[in-house]
Amino acid sequence: MSAHCQLTGRKPGFGNAISHSHRRTRRRFDPNVQTKRYWLPSERRFVRLTLSTKGIKTVDKLGIEKTVARLRARGEKV
């Protein structure tokens, strides 16, 4: 599973890990991505979404129906 949010599009960021001696090595900042299962009443089935924590809050605010409609309009497979 890649660290990518289906709703907000958040992806890993890249930067440097800096040690005490100030040596720099490349590192990756992954977003907090969770796999969530939501009941979709209109289709009478569960949908599984890979969402960041901000995406989960967005689903709570908009509702799962509007969120799935937005994802399908964008061309995401739900």
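## A walk around W39, the salt bridges and helix 1

W39 counts as partly exposed, because its relative accessibility is 41%, between the 20% and 50% cut-offs. That makes W39 a handy place to begin a tour of this structure, which is a predicted model.

**The aromatic pair and its neighbours**

How many aromatic pairs does a search of the whole structure find? The search turns up one. Its members are W39 and F46, whose ring centres lie 5.0 Å apart with the planes at 70 degrees, so the pair is edge-to-face; the cut-off for that label is over 60 degrees. Like its partner, F46 is partly exposed, with a relative accessible area of 40%.

F46 has another neighbour to look at. The charged end of R37 sits over the F46 ring, 3.7 Å from the ring centre. A similar arrangement involves R27, which lies over the face of F29 at 3.8 Å from the centre of that ring.

**Salt bridges**

Next come the charged side chains. The count of salt bridges comes to three, and here they are with their N to O distances.

| Basic residue | Acidic residue | N to O distance |
|---|---|---|
| R28 | D30 | 2.7 Å |
| R45 | E43 | 2.7 Å |
| R72 | E43 | 2.7 Å |

Which residues are linked in a network of salt bridges? They are E43, R45 and R72. If you follow the bridge from R72 to E43, you will see that it links distant parts of the chain: R72 belongs to helix 2, while E43 is in the loop between strand 3 and strand 4, 29 residues apart.

How accessible are these side chains? R72 is partly exposed, at a relative accessible area of 38%. E43 counts as partly exposed at 32% relative accessibility, and R45 is partly exposed too, with 31%. In the R28 and D30 bridge, R28 is partly exposed at 43% and D30 is partly exposed at 48%.

**Helix 1 and its two sides**

Helix 1 covers residues 53-62, and within it G55, I56 and V59 are buried. Why do these buried residues line one face of the helix? Looking down the axis of helix 1, you find them within an arc of 105 degrees, so they share one face. The other side of helix 1 carries the exposed residues K57, D60 and K61.

What covers the buried residues of helix 1? The cover includes strand 3 (33-40), strand 4 (45-52) and helix 2 (64-74). Just after helix 1 comes G63, which takes a positive phi of about 105 degrees.

**The whole protein**

Stepping back, you can count two helices and four strands. Along the sequence they follow the pattern β-β-β-β-α-α. The radius of gyration is 16 Å, well over the 12 Å that the globule rule gives for 78 residues, so the protein is more spread out than a compact globule. Taken along the principal axes, the C-alpha atoms fill a box of roughly 60 × 20 × 20 Å.

Two percentages round off the picture. Of the 78 residues, 27% count as buried. Among contacts with a separation of 6 or more, residues 24 or more positions apart account for 38%.

Notes. Residues are numbered from 1 along each chain as its sequence is written. This is a predicted model: local features need pLDDT of at least 70, side-chain atom pairs count only at pLDDT 80 or more; totals for chains, interfaces and linings use all residues. Side-chain values use heavy atoms; hydrogens and water are left out. Buried means under 20% relative accessible area, exposed over 50%, partly exposed in between (1.4 Å probe, protein chains only). The arc is that of the directions from the helix axis to the C-beta atoms. Contact means heavy atoms within 4.5 Å. Rings of Phe, Tyr and Trp (its six-membered ring) pair if their centres lie within 6.5 Å; planes under 30 degrees apart count as stacked, over 60 as edge-to-face and the rest as tilted. A charge sits over a ring if NZ of Lys or CZ of Arg is within 6 Å of the ring centre and within 35 degrees of the ring normal. A salt bridge is a side-chain nitrogen of Lys or Arg within 4 Å of a carboxyl oxygen of Asp or Glu. The radius of gyration is taken over C-alpha atoms; the globule rule is 2.2 Å times the number of residues to the power 0.38.
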